[in-house]
Structures are given as C-alpha cells and as structure tokens.
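Visitor: Please take one part of this model and examine it closely. I should like a single connected account that starts from one residue and follows its surroundings outward.

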Amino acid sequence: MCSQKGYGQEMERRKEMNVGPKDRWERTKRNEEEVEGGSKTRGEISRRGGDRRKQNSPEGEAEEDKRRNRPLTDASLSFYLSNLKLENLIIMDLRQFLMCLSLCTAFALSKPTEKKDRVHHEPQLSDKVHNDAQSFDYDHDAFLGAEEAKTFDQLTPEESKERLGKIVSKIDGDKDGFVTVDELKDWIKFAQKRWIYEDVERQWKGHDLNEDGLVSWEEYKNATYGYVLDDPDPDDGFNYKQMMVRDERRFKMADKDGDLIATKEEFTAFLHPEEYDYMKDIVVQETMEDIDKNADGFIDLEEYIGDMYSHDGNADEPEWVKTEREQFVEFRDKNRDGKMDKEETKDWILPSDYDHAEAEARHLVYESDQDKDGKLTKEEIVDKYDLFVGSQATDFGEALVRHDEF
C-alpha cells in the first residue's frame with residue numbers, strides 16, 4: 001500500500017541502508033563460518049569420547065543385542081521401546097510441522113485479495129460525530145489532535161484558559177493580535193500531522209552531519225548512499241543507483257532556491273512530498289514510473305490493475321478488481337483513449353478533497369467571533385475555551401516547542 005505514510009516508510013527503509021547491508025551480510029557470513037567450524041570441532045571431540053561411554057549405556061546394549069541377534073536384556077529392552085516411542089513422536093511432530101509449513105506456504109503464495117491504494121486522501125479530523133449540541137469533542141480533536149485531546153482531563157478551567165492563551169500566541173503567525181481563518185487552518189493541519197514532523201525530526205538528526213541547521217544534498221547522499229559509492233554494485237537486490245537518481249530529483253524539486261541545501265521545511269517537503277502543493281508533480285511522476293511497466297509514459301488498464309492485483313495464473317478475479325476495471329474505463333480514463341496520462345493520473349491519486357481543516361477553522365471563527373469582524377482576538381478565543389479545549393488538560397508545552405521548530 002502506498003498511502004500518505006508510504007513516503008515516510010520508504011525513507012525509513014533508506015535509513016536502514018546506512019547500516020550497510022553488505023557489511024551486515026559479510027559479518028553474518030563470517031559468524032556462520034565460525035559457528036560451523038566450531039560445531040565441527042566439538043562434534044569430532046564428542047564422537048571420540050562418546051564411543052567409549054556408549055558401550056556401557058542401555059543404548060549401547062540395545063544396539064549390541066540387535067547386531068548380534070540375541071535376546072534383549074530388561075534394561076536394553078526398556079530403553080529400546082522408549083527410544084522407539086520417542087522416534088514415533090518425533091515423526092508425528094515432523095508431519096504436523098510439514099503440514100503447517102505447507103499451509104503457510106500456500107497462504108503466502110496465494111494471490112492477494114487486498115486492494116493497494118495509491119490515492120492520497122486528507123484524513124478526517126476526528127472519528128467523533130460533529131454535533132456541538134451534544135459535545136465539543138470533535139472540535140477538541142480537530143484543534144489539538146486526537147492524541148493530545150485525550151490527555152485533557154487533569155486541568156481546571158482556569159489552567160485550561162491560561163494554556164489556551166499561550167497556544168493562541170503561537171497561532172497568530174504575523175503577531176498582529178488577531179487569529180485569522182488561514183492561521184487557524186494552518187494550526188489545525190499542524191496538529192493533525194504531528195507524526196510527519198516527528199518523522200522529519202528523527203531523520204534530520206541523522207542527516208545534518210555538520211550540525212549547521214541545514215541538510216545539503218551531499219550530506220543526505222553520503223549518509224544514505226555513502227557505502228554504495230564505494231561499492232556501486234552491492235549484491236543485495238537493491239538498485240541503489242536508480243534510487244539515488246530518484247532521490248536527487250526529488251531533493252532538487254523540494255529545494256526552492258536551488259542551492260542544493262534544504263531547510264527543515266524543504267527537507268519535510270522532500271520526505272513527504274504529498275503534503276505540499278508544489279511537490280505534487282513529483283508524486284505523480286514517481287507513481288507513473290512505478291506503474292508504467294512498458295515505459296511509454298502512460299498507464300493502461302492492465303498496468304493499472306496489475307499494480308493492485310496479481311493474477312498468479314488464476315483467471316477468477318475478486319469483485320473489487322472487476323469494479324476497478326469499470327472505474328478505469330468510466331472515470332479514470334477521461335478522454336477514453338485506453339490509458340491515463342499525467343493529468344488523469346493526478347486526478348486519480350491526488351483528488352480535490354473537501355478541506356476539512358478550512359471548514360473547521362471557519363466554524364471555530366464563526367462560533368467565537370463576538371464582534372463579527374471575521375477574525376479572533378485572544379480574548380474571544382479564551383472566552384469560548386470550552387469549544388477549543390474544554391476544561392480538560394493536555395501537554396501544551398510539547399506542542400508549543402514542536403510548533404516553534406517548524
């Protein structure tokens with residue numbers, strides 16, 4: 001699945017490369033050879049000493065009785081029967097294991113029935129019902145994020161108002177004493193996407209090698225692909241050259257001033273391009289490159305379906321696959337030429353969704369704007385504190401620090 005988080009997950013995989021798969025492979029190989037050599041030596045020692053001990057054991061007596069075709073003694077018979085029982089149990093366990101293994105293998109190799117979704121939708125602000133007549137829970141989730149809103153139950157109304165006032169000062173970006181709809185919308189989007197900024201912060205520390213508060217392309221390339229430059233053909237199945245070329249293209253697109261040095265905001269656009277309007281063309285381009293197997297610059301019906309579903313020799317398709325075929329013909333391929341071009345692909349993966357953050361910002365302003373001038377003062381917001389945060393508590397300090405960083 002390649003959802004909005006897909007780009008973060010891809011960068012996590014690239015971050016793993018910093019450890020050096022080839023180094024890990026060589027180190028593992030050496031360990032295996034050392035263990036194998038040690039086991040062989042220990043085995044030879046065990047066999048030399050064990051032969052003598054075995055002669056006086058019940059096992060030795062049973063084997064000797066069988067070899068000479070003589071009656072088994074009580075001790076050797078008892079051991080022989082118990083040993084036979086153990087062997088039967090092992091065989092039964094082995095059969096059960098093989099049956100389980102075959103079922104697991106069949107499951108793993110069975111064709112997928114889950115749909116891969118490449119469409120980037122704006123997430124809902126809350127899973128709660130938006131009904132202010134019953135509660136302001138939806139507004140709390142929207143304004144602070146659901147996780148932050150859960151920790152609100154410790155503050156008194158007075159404490160809540162005080163901390164809300166501090167947040168208002170941060171929302172007022174131009175420091176003119178008013179909070180506009182746009183400023184409130186930006187804050188709501190920030191509150192909803194904290195995981196993105198946390199991901200950027202984590203990766204920032206690993207790529208700002210000279211700690212100057214910027215990440216250059218050279219720094220990113222050396223941190224991510226450094227060992228590949230020494231060994232351009234590593235034997236681990238990844239095409240690092242292609243990945244590096246693709247990353248450089250995306251980095252240059254995110255770098256607005258073209259100096260190949262990214263600020264934290266530009267680095268965020270590089271890691272999560274689907275979140276930025278000026279990066280959406282690169283999202284479309286990379287998606288088309290992934291799906292367009294014949295490299296003709298278009299996505300035809302079979303490429304479209306093949307990206308979501310693998311036949312594996314079975315002609316029977318799930319119903320959702322048949323529905324997707326109809327969707328392609330009726331809605332995706334707008335000009336009916338049998339394939340999707342760049343604009344049609346963009347309409348598919350980046351639909352013009354309803355802007356929930358803007359709608360909520362307008363709602364909060366409408367409900368709190370006492371003088372009806374279309375913007376809010378700190379006093380107007382604090383007077384309606386229960387609409388924004390209620391009389392519950394949250395760790396606003398952490399949110400304020402994170403907001404300052406971005």
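Guide: If its neighbours within four places in sequence are set aside, glycine 297 is in contact with Met288 and Asp292. The model under discussion is a predicted one. Glycine 297 belongs to the loop that runs between helix 13 and strand 3, the latter comprising residues 299–300. With a relative accessibility of 42%, glycine 297 is classed as partly exposed, because that class lies between the limits of 20% and 50%. A further spatial relation links glycine 297 to lysine 339: the C-alpha atoms are 9.8 Å apart, although 42 residues separate the pair in sequence.

Alanine 295 is placed in this loop between helix 13 and strand 3 as well. Its phi is positive, about 55 degrees, although alanine 295 is not a glycine. Alanine 295 counts as exposed, at 64% relative accessibility, whereas glycine 297 is partly exposed.

From the loop the account passes to helix 13 and its packing against helix 11. Two packed helices are described by the angle between their axes and the distance between those axes. For helix 11 and helix 13, the axes cross at roughly 165 degrees and come within 11 Å. Helix 11 is therefore roughly antiparallel to helix 13, since angles over 145 degrees fall in that class. The crossing of these helices is right-handed. On the side of helix 11, the contact is made by Arg246, Arg249, Arg250 and Met253; on the side of helix 13, it is made by Ile282, Gln285, Glu286, Glu289 and Asp290. By residue type, this contact divides into six charged, two nonpolar and one polar.

Within this contact, side chains of opposite charge deserve attention. Such side chains can pair when their charged atoms come close. Aspartate 290 and arginine 246 form a salt bridge, with 3.1 Å between the closest N and O atoms. Aspartate 290 lies in helix 13 (residues 280–291) and arginine 246 in helix 11 (residues 240–254), so this pair ties together parts that are 44 residues apart in sequence. Aspartate 290 is partly exposed, with a relative accessible area of 27%, while arginine 246 counts as buried at 16%. Salt bridges that share partners connect this pair to others: Arg118, Arg246, Arg249, Arg250, Glu286, Glu289, Asp290 and Asp307 are joined into one network.

Helix 11 also packs against helix 12 (residues 264–271), at an angle of about 135 degrees and with the axes 8 Å apart. This angle makes helix 11 oblique to helix 12. Helix 11 passes helix 12 in a right-handed crossing. Asp247, Arg250, Phe251 and Ala254 are the contributions of helix 11 to this contact, and they meet Glu266, Ala269, Phe270 and Leu271 of helix 12. The residues of this contact divide into five nonpolar, three charged and no polar. Arg250 therefore takes part in the contact with helix 12, and Arg250 is also listed in the contact with helix 13.

Beyond helix 11, leucine 260 occupies the loop between helix 11 and strand 2 (261–262). Leucine 260 has a phi near 60 degrees, a positive value in a residue other than glycine. Leucine 260 counts as partly exposed at 32% relative accessibility.

Other salt bridges provide context for the pair described above; the count comes to 20 salt bridges. One of them joins aspartate 199 to arginine 202, whose closest N and O atoms are 2.8 Å apart. These partners lie in helix 9 (residues 194–207), three residues apart, which is about one turn of the helix. An α-helix has 3.6 residues a turn, so residues three or four places apart point the same way. Aspartate 199 is buried, at 5% relative accessible area, and arginine 202 is partly exposed, at 40%. Another salt bridge links glutamate 317 with arginine 325, the closest N and O atoms being 2.9 Å apart. In this case both partners, glutamate 317 and arginine 325, are buried.

A final element for comparison is helix 5 (residues 137–144), in which seven of the eight residues are buried, so helix 5 is largely enclosed by the rest of the structure. Its buried residues are Tyr138, Asp139, His140, Asp141, Ala142, Phe143 and Leu144. Glycine 145 follows helix 5 and has a positive phi, near 95 degrees.

Terms used: Residues are numbered from 1 along each chain as its sequence is written. This is a predicted model: local features need pLDDT of at least 70, side-chain atom pairs count only at pLDDT 80 or more; totals for chains, interfaces and linings use all residues. Side-chain values use heavy atoms; hydrogens and water are left out. A salt bridge is a side-chain nitrogen of Lys or Arg within 4 Å of a carboxyl oxygen of Asp or Glu. Helices (H or I, at least four residues) and strands (E, at least two) are DSSP runs, numbered from the N terminus. Buried means under 20% relative accessible area, exposed over 50%, partly exposed in between (1.4 Å probe, protein chains only). Axes are lines fitted to C-alpha atoms, for helices over the stretch in contact, and angles run from 0 to 180 degrees between N-to-C directions. Angles under 35 degrees count as roughly parallel, over 145 as roughly antiparallel, 65 to 115 as roughly perpendicular and the rest as oblique. A crossing is left-handed if the near helix is turned anticlockwise from the far one by less than a right angle, and right-handed if clockwise. Contact means heavy atoms within 4.5 Å. Ala, Val, Leu, Ile, Met, Phe, Trp, Tyr, Cys and Pro count as nonpolar, Asp, Glu, Lys and Arg as charged, and the others, Gly among them, as polar.
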